[in-house]
There are 2 protein chains.
Amino acid sequence: MGGSQIRRNMPLFSIGIVMQLTDLTARQIRYYEEHGLISPARTEGNKRLFSLNDIDKLLEVKDLIDQGVNLAGIKQIFNVKQQQDDVPTDEENKEAEKVRKDLSDAELRKLLRKELLRAGRFNRGQGHPPRLQ
Amino acid sequence: MGGSQIRRNMPLFSIGIVMQLTDLTARQIRYYEEHGLISPARTEGNKRLFSLNDIDKLLEVKDLIDQGVNLAGIKQIFNVKQQQDDVPTDEENKEAEKVRKDLSDAELRKLLRKELLRAGRFNRGQGHPPRLQ
DNA sequence: AAACCATGTTAGATTATATAACATACCGTT
DNA sequence: AACGGTATGTTATATAATCTAACATGGTTT
């Protein structure tokens, strides 16, 4: 099990697609960004580009809002999770860490392709939240 | 659960992203479409939207072109593969095959339930082309 | 009531993409 | 050598998608 994080963090989706995938309005998505719940990448021309992780988070935001949590609360929840995720579980990081550092765009793309090629039809392990894949 | 599974033929990616992912120019991608090698979906406003399958195919096109095959040849190759995929490989019951090729959500769920009832595991034979997912 | 929160709506600007036409380098034939 | 086809580059023009910013609004809190 390798760097699925490359895949999940790669900025791929326009806001239009994310709207469809999440059933959120553009206004909502931008508002959530404005309040630090997500930080989508940008194109050179300043268009937002969302990753799978961004979409996951948006779905989580939506869930929590449906359950009556306000944005401040959601922000806290995300912070907690963030801390938990930062605890490195034994050695699962070494390539992942390396990857995160110094890689040209071209290299990254190549890696992504490799990942995608073998990612096949395996569904994600049991993660925390329900996840896109 | 919550909802979105990303299907291989779900239209998700703008041409800009596909350019990055494949290292093809917009001109090339449109030209390949013009010649029937791919058929990306369109938005209401006529913008192309590519699926993972489309990207697969484009990468394959690129590979074959690098190997000196011309578009006519690639088209033939795709036709052959298409036919092969349509042949149920004996053990592979056509329902699993259908799942792999993907259709509506409702249909998929129905098939999965049936599968589970039969305690059948799916393993599609290790097959033809490496696939993105 | 006043203030705040989350979202809707509108206006105006800019980017990304579309089609279409013409240009060109590289082939293989005649 | 001239010719025609193939695959791609380039340019022009149009429009769709997205951006920011501002104002509007229905609920909640205070």
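These exercises work through helix packing and DNA contacts in a predicted model.

**Exercise 1. Describe how α2(A) packs against α4(A).**

Step 1. Locate the helices. Helix α2 of chain A covers residues 15-22, and helix α4 of chain A covers residues 52-66.

Step 2. Give the geometry. The two pack at an angle of about 45°, with their axes 10 Å apart.

Step 3. Classify the angle. Angles under 35 degrees count as roughly parallel and 65 to 115 as roughly perpendicular. The pair α2(A) and α4(A) is therefore oblique.

Step 4. Assign the hand. The crossing of α2(A) past α4(A) is right-handed.

Step 5. List the contact residues. From α2(A) come A:V18, A:L21 and A:T22. Facing them in α4(A) are A:I55, A:L58, A:L59 and A:K62. The contact of α2(A) with α4(A) divides into 5 nonpolar, 1 polar and 1 charged residues.

**Exercise 2. Describe how α4(A) packs against α5(A).**

Step 1. Give the geometry. Helix α5 of chain A covers residues 71-86. Its axis and that of α4(A) come within 10 Å and cross at roughly 130°.

Step 2. Classify the angle. The roughly antiparallel class takes angles over 145 degrees. Here α4(A) and α5(A) are therefore oblique to each other.

Step 3. Assign the hand. The α4(A) and α5(A) crossing is right-handed.

Step 4. List the contact residues. α4(A) supplies A:K57, A:E60, A:V61, A:L64 and A:I65. α5(A) supplies A:L71, A:I74, A:I77, A:F78 and A:K81. By class, the contact of α4(A) with α5(A) has 7 nonpolar, no polar and 3 charged residues.

**Exercise 3. Analyse the packing of α3(B) and α4(B) in chain B.**

Step 1. Locate the helices. In chain B, helix α3 is residues 52-66 and helix α4 is residues 71-86.

Step 2. Give the geometry. Their axes come within 10 Å and cross at roughly 130°. α3(B) and α4(B) are therefore oblique. Their crossing is right-handed.

Step 3. List the contact residues. B:K57, B:E60, B:V61, B:L64 and B:I65 lie on the α3(B) side. B:L71, B:I74, B:I77, B:F78 and B:K81 lie on the α4(B) side. The residues of the contact of α3(B) with α4(B) are 7 nonpolar, no polar and 3 charged.

Step 4. Look at the loop. B:N70 sits between α3 and α4 of chain B. The B:N70 side chain reaches the backbone nitrogen of B:G73 at 2.9 Å.

**Exercise 4. Map the protein surface near DNA strand C.**

Step 1. Count the residues. DNA strand C is surrounded by 18 residues. The closest are A:T25, A:R27, A:T43, A:K47 and B:R48.

Step 2. Split the DNA side. Sugar or phosphate holds 77% of the strand C atoms within 4 Å of the protein, and bases hold the rest.

Step 3. Find polar contacts to phosphate oxygens. A polar side-chain atom of A:T25 is 2.7 Å from one in strand C. A:G45 uses a backbone N or O atom, at 3.2 Å from a phosphate oxygen of strand C. A:L71 also places a backbone N or O atom 2.9 Å from a phosphate oxygen of strand C.

Step 4. Assign elements. Two or more residues come from each of α3 (26-34) of chain A and α1 (15-22) of chain B. α3(A) gives the most, with 4 residues.

Step 5. Sort by class. The surface near strand C has 4 nonpolar, 8 polar and 6 charged residues.

**Exercise 5. Map the protein surface near DNA strand D.**

Step 1. Count the residues. There are 18 around DNA strand D, and the closest are A:R48, B:T25, B:R27, B:T43 and B:L71. Sugar and phosphate make up 73% of the strand D atoms within 4 Å of the protein.

Step 2. Find a base contact. An N or O atom in the B:R27 side chain lies 2.7 Å from a base oxygen of strand D.

Step 3. Find phosphate contacts. A polar side-chain atom of B:Q28 is 3.1 Å from a phosphate oxygen of strand D. For B:Y32, a side-chain N or O atom is 2.9 Å from a phosphate oxygen of strand D.

Step 4. Assign elements. α2 of chain A and α2 (26-34) of chain B give two or more residues each. The largest share, 4 residues, belongs to α2(B).

Step 5. Sort by class. The surface near strand D has 4 nonpolar, 8 polar and 6 charged residues.

Note on methods
Residues numbered from 1 in each chain as written. Chains lettered and ligands numbered in written order. Predicted model: local features only at pLDDT ≥ 70, side-chain atom pairs only at ≥ 80, totals over all residues. Heavy atoms only, no water. Axes fitted to C-alpha atoms, helices over the stretch in contact; angles between N-to-C directions. Left-handed = near helix turned anticlockwise from the far one by under 90°. Contact = heavy atoms within 4.5 Å. Nonpolar A, V, L, I, M, F, W, Y, C, P; charged D, E, K, R; others polar. Near = heavy atom within 4 Å. Polar contact = N/O pair within 3.5 Å; in protein donor to acceptor, adjacent residues only side chain to side chain.
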